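Let's take a walk through this fold and see what sits against what. Have the viewer open while you read.

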Amino acid sequence: MQHQYIGRKLRKRNFRALWIQRINAAVREHGLTYSRFISGLARAGIDIDRKIMADLAVFEPAAFKALVDQASAQLA
């Protein structure tokens, strides 16, 4: 019984890594890196979790581009 929760913990870790990879790929299309993008969002005061950002990157590229533009404006 003590090892039953390990798979649930690994699933959370794997999904977070997948979301970060998706965000990184989408951000690089717009000329930024993942770390600079996250830094720009923090400076802009935008607090969106990685799951939502990954969904925006895949299904709503125009909305994601608006996030990238706001983050890059804060970095400049």
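Before pointing at any residue, one bit of bookkeeping: helices here are DSSP runs of H or I with at least four residues, numbered from the N terminus. Also keep in mind that this is a predicted model.

With that in hand, D69 can be placed: it belongs to helix 4. Is D69 buried, exposed or partly exposed? Buried means under 20% relative accessible area and exposed means over 50%. D69 comes in at 37% relative accessibility, so it counts as partly exposed. S72 is also a helix 4 residue, and because its relative accessibility is 28%, S72 counts as partly exposed too. A57, by contrast, is part of helix 3; its relative accessibility is 17%, so A57 counts as buried.

Here is how those three sit relative to residues elsewhere along the chain.

| Pair | Separation along the chain | C-alpha separation |
|---|---|---|
| D69 and H30 | 39 residues | 8.9 Å |
| S72 and Y34 | 38 residues | 11 Å |
| A57 and R43 | 14 residues | 20 Å |

Now for the middle of the thing. The largest nonpolar core has 16 residues, and I23, V27, F37, F64 and L67 are the ones with the most contacts inside it. Four elements give two or more residues to this core: helix 1 (6-28), helix 2 (34-44), helix 3 (50-59) and helix 4 (61-75). Which of them gives the most? That's helix 4, with five residues.

F64 is a good residue to click on. If you skip its neighbours within four places in sequence, F64 is in contact with I23, A26, V27, F37, M53, L56 and A57. Look at A57 with the same neighbours left out, and its contacts are R22, A26 and F64.

Next, helix 2. Its buried residues are Y34, F37, G40 and L41. Looking down the axis of helix 2, these fall within an arc of 125°, so they line one face of the helix. They pack against helix 1, helix 3 and helix 4. Turn to the face of helix 2 pointing away from that buried side and you'll find the exposed residues S35, A42 and R43. Just past the end of helix 2, G45 takes a positive phi of about 80°.

How do helix 2 and helix 4 cross? They pack at an angle of about 80°, and their axes are 8 Å apart. Angles of 65 to 115 degrees count as roughly perpendicular, so that is what helix 2 and helix 4 are to each other. On the helix 2 side, the residues that meet helix 4 are R36, F37, S39, G40, L41, R43 and A44; on the helix 4 side, they are F64, L67, V68, A71, Q74 and L75. Sorted by class, this contact has eight nonpolar, three polar and two charged residues.

Helix 3 has its own buried set: M53, A54, L56 and A57. Those residues cover an arc of only 160° around the axis, which puts them on the same side of helix 3. And what covers them? Helix 1, helix 2 and helix 4 are included in the cover over the buried residues of helix 3.

To pull a few threads together: F64 is among the residues with the most contacts inside the core, it is one of the helix 4 residues that meet helix 2, and its contacts include M53, L56 and A57, which are buried residues of helix 3.

Conventions:
Residues are numbered from 1 along each chain as its sequence is written. This is a predicted model: local features need pLDDT of at least 70, side-chain atom pairs count only at pLDDT 80 or more; totals for chains, interfaces and linings use all residues. Side-chain values use heavy atoms; hydrogens and water are left out. A nonpolar core is a set of buried Ala, Val, Leu, Ile, Met, Phe, Trp, Tyr and Cys residues joined through side-chain atoms within 4.5 Å. Buried means under 20% relative accessible area, exposed over 50%, partly exposed in between (1.4 Å probe, protein chains only). Contact means heavy atoms within 4.5 Å. Axes are lines fitted to C-alpha atoms, for helices over the stretch in contact, and angles run from 0 to 180 degrees between N-to-C directions. Angles under 35 degrees count as roughly parallel, over 145 as roughly antiparallel, 65 to 115 as roughly perpendicular and the rest as oblique. Ala, Val, Leu, Ile, Met, Phe, Trp, Tyr, Cys and Pro count as nonpolar, Asp, Glu, Lys and Arg as charged, and the others, Gly among them, as polar. The arc is that of the directions from the helix axis to the C-beta atoms.
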